[in-house]
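Please walk me through the side-chain contacts, surface patches and backbone details of this model. Plain paragraphs will do.

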Amino acid sequence: MTSRLLVRLDDASPFMNRDKWETMEAILDKYNIKPIVAIIPNNKDKEVSFEDYQETFWNMARSWEKKGWNIALHGYDHCFITNKKGIVPRNNYSEFAGVSYDKQVEKIRDGYKLLRDRGLEPTVWVAPAHSFDKNTLKALKQNTSIEIVSDGLAIFPYLSYGFKWIPQQVCHVPNRSYGVWTICLHPNNMSDKDFKIFDKDISKKLETIIDINNIKFNRFKTVVDHLFFIFYILKRVKRQIINSLVKGRR
Ligand SMILES: [Zn+2]
């Protein structure tokens, strides 16, 4: 049994660090890797704004789609307005979780339209900070043709809440013997060293790389997925305890 790897790039927008994204694109092109690229339709978040607005970003995004990259709707403005975790309990801040259904519909409808007006066809949902709730999924279902969610903690893709889920578990190239692993990268924040490491690591795994068109969604979560979820949460709690002990000693 072998594992399969999928690449996801987060926080593309007209305010992104263009040089870094071009560096990432060159690496992916070299190996013919087609990632999911999460685009913020109306980026208002200073934390993910690195340059002045670039209108030419939209040409670049259309060229990504043309060569087979999968466009994901990455929220609306990427601003966190609640302290709710939502369905995937990874962060307690959100643009969506805990927000009223009507407001979520507005954000999703407007974001989806913004991308489509630019000639893009988003096929995947990527929530900023992994946080969203059942109302987000309902709003997506009723206002878009998106069927795939890139998120969740599991070993294999699964069906849930009427959507096809591709779990997102790691932020580096993993060494795993089985499962489907989404590597989430933030090119805006990567250093030259990070790009070199990614290039080297991914070059050793080329036969295991897939894109979303290779994925079969024919199962629900199993006990193995639930165990992975528990393992992930326990590991995180352990890390938080160690961090607080280290801080306490300072
Ligand atoms: Zn983001």
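Asp 199 is buried, at a relative accessible area of 17%, which falls under the 20% limit for that class. The model is a predicted one. The side chain of Asp 199 forms a salt bridge with that of Lys 30, at an N to O distance of 2.8 Å. Lys 30 belongs to helix H1, residues 18-30, and Asp 199 to helix H5, so the bridge ties together parts that lie 169 residues apart in sequence.

This pair is one of 13 salt bridges found in a search of the whole structure. Another joins the side chains of Asp 77 and Lys 107, with 3.7 Å from N to O; the cut-off for such a contact is 4 Å. Asp 77 sits in the loop between strand S3 (70-73) and helix H3 (101-117), while Lys 107 is in helix H3. The two residues are 30 apart, and the pair links distant parts of the chain. Both Asp 77 and Lys 107 are buried.

Helix H3 also holds a bridge between two of its own residues. The side chains of Glu 106 and Lys 103 meet at 3.3 Å, N to O. Why are Glu 106 and Lys 103 separated by about one helical turn? They are 3 residues apart in helix H3, and this spacing is the reason. Glu 106 counts as partly exposed because its relative accessibility is 39%, and Lys 103 counts as partly exposed at 35%. Lys 103 can also be placed against another part of the chain: Thr 136 is 33 residues away in sequence, yet the C-alpha atoms of Lys 103 and Thr 136 are 9.8 Å apart in space. Elsewhere, Glu 25, Asp 29 and Lys 67 are linked in a network of salt bridges.

The loop that contains Asp 77 also contains His 78, between S3 and H3. His 78 has a positive phi of about 70° and is not a glycine. Most residues other than glycine have a negative phi. His 78 is buried, with a relative accessible area of 6%. A second non-glycine residue with positive phi is Asn 32, at about 55°. Asn 32 lies in the loop between H1 and strand S2 (36-39). Is Asn 32 buried or exposed? With a relative accessible area of 54%, Asn 32 is exposed.

Next come the cysteines. How many disulfides does the structure hold? The number is 0. The cysteine sulfur closest to that of Cys 171 belongs to Cys 184, and the separation of 7.7 Å is too far for a bond; a disulfide requires the sulfur atoms to be within 2.5 Å. Cys 171 is exposed, its relative accessible area being 58%. Cys 184 is buried, at 7%.

The surface has a patch of positive charge where Arg 176, Lys 235, Lys 238 and Arg 239 gather. Lys 238 is located in helix H6, which covers residues 223-249. With 56% relative accessibility, Lys 238 counts as exposed, the class limit being over 50%.

A nonpolar patch of about 550 Å² is also present on the surface. Tyr 178, Val 223, Val 224, Leu 227, Ile 230 and Leu 234 make up this patch. Ile 230 has its place in helix H6, and its relative accessibility of 45% makes it count as partly exposed. Helix H6 therefore holds both Ile 230 of the nonpolar patch and Lys 238 of the positive patch.

The loop between helix H5 (192-203) and H6 contains Thr 222. Thr 222 is partly exposed, with a relative accessible area of 31%. Which residue is 66 residues from Thr 222 in sequence and 9.2 Å from it in space? That residue is Phe 156, with the distance taken from C-alpha to C-alpha.

Conventions:
Residues numbered from 1 in each chain as written. Predicted model: local features only at pLDDT ≥ 70, side-chain atom pairs only at ≥ 80, totals over all residues. Heavy atoms only, no water. Patch = residues over 30% accessible without salt bridge, like charges linked within 9 Å, V, L, I, M, F, W, Y side chains within 5 Å. Areas by Shrake-Rupley, 256 points an atom, 1.4 Å probe, with all protein chains shown as cover. Lys, Arg positive; Asp, Glu negative; His and termini not counted. Charge placed at Lys NZ, Arg CZ, Asp CG, Glu CD. Helix = DSSP H or I, 4+ residues; strand = E, 2+ residues; numbered from the N terminus. Buried < 20%, exposed > 50% of the residue type's maximum accessible area, 1.4 Å probe, protein only.
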